[in-house]
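Trainee: Could we go through this model together? I would like to begin with its pocket and its ligand.

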Amino acid sequence: MELLEKRIQKDGIVKAGNVLKVDHFLNHQMDIALFNEMGKEFKRLFADKPINKILTVEASGIGIACIVAQYFQVPVVFAKKTQSINLDGDVYSTKIESFTHKRVYDVIVSKKYLGPEDHILIVDDFLANGCAVNGLIELIENASATVEGIGIAIEKGQQQGGRILREKGYHVESLAIIESMDDITGKICFRR
Ligand code: 5GP
């Protein structure tokens, strides 16, 4: 998506450790006009899928997921990061390792909001090694729901998450795929 790629070139900052900061428009300050265009594009890319719910993980996926959901006219559920797992069986839970914070979180979704009748579009801001998306897939499978697709704003193509998910047969659409980025020169190249 050219609009997103241009914005990344303009405002993205490449940090050491293969981290791209997009705080200016995506996951701290949020450009809602841009999110709207992303929502429209996801709707076009997943138009043939019977999606009835969007699933993301807190915190930075939530804003994008909410705008995307307006185009699908479906609710958003976000997996919550939690310190203490509720053991009374009313939640699905898994562990997600955070790429940016280098720690493992327990994440939960209430059984009230995910079930066998659900056809899910997973939405997140970044796809890197795939830990976040794989955690969400595990929650969906535990609920006997169906993964209809995975919509990502920025995929870091130099990491393996996207390739592995596509090889497993998931329909992954990333609006911008980074081929390489350099924290010394600041140069970012996209896969086309
Ligand atoms: P993964 O789980 O695929 O390794 O990483 C995806 C998650 O880590 C996303 O939910 C995102 O919040 C965070 N993340 C991964 N790479 C980056 C990055 O380069 N910049 C930012 N801001 N977040 C990232």
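Mentor: The answers below cover the pocket, the ligand and some local features.
Mentor: This is a predicted model, in which local features need pLDDT of at least 70, side-chain atom pairs count only at pLDDT 80 or more, and totals for chains, interfaces and linings use all residues. Residues are numbered from 1 along each chain as its sequence is written, and side-chain values use heavy atoms, with hydrogens and water left out.

Trainee: What volume does the largest pocket have?
Mentor: Its volume is about 760 Å³. A pocket here is an open set of points on a 1 Å grid over the protein atoms alone, where a 1.4 Å probe fits, with protein on both sides within 12 Å along at least five of seven lines. The volume is the space filled by probe spheres set on the points.

Trainee: And how many residues line the largest pocket?
Mentor: There are 30 lining residues, each with an atom within 4 Å of a point. Ser 60, Ser 98, Phe 99, Thr 100 and Asp 125 lie nearest the centre of the pocket. By class, the lining has 14 nonpolar, seven polar and nine charged residues, with Gly counted as polar.

Trainee: Which element gives the largest share of that lining?
Mentor: Strand β7 does, with four residues. Helices (H or I, at least four residues) and strands (E, at least two) are DSSP runs, numbered from the N terminus.

Trainee: On to the ligand: which residues come nearest?
Mentor: Leu 20, Ala 128, Asn 129, Gly 130 and Ala 132 do, out of 17 around the ligand, where near means a heavy atom within 4 Å. A backbone N or O atom of Ala 128 lies 2.8 Å from a ligand oxygen atom, and for Ala 132 a backbone N or O atom is also 2.8 Å from an oxygen atom of the ligand. In the side chain of Asp 125, an N or O atom is 3.3 Å from a ligand oxygen. The protein covers 91% of the 510 Å² of accessible area that the ligand has on its own, by the Shrake-Rupley method with a 1.4 Å probe.

Trainee: Which peptide bond is cis?
Mentor: The bond from Glu 58 to Ala 59 is cis, with omega near 5°. Ala 59 sits in the loop between β3 (53-57) and α4 (60-72).

Trainee: Where is Asn 18 placed?
Mentor: Asn 18 is in the loop between β1 (13-15) and β2, and its phi is near 65°, a positive value in a residue other than glycine.

Methods
A polar contact is a pair of N or O atoms within 3.5 Å; within protein, one must be able to donate a hydrogen and the other to accept it, and residues adjacent in sequence count only if both atoms are side-chain atoms.
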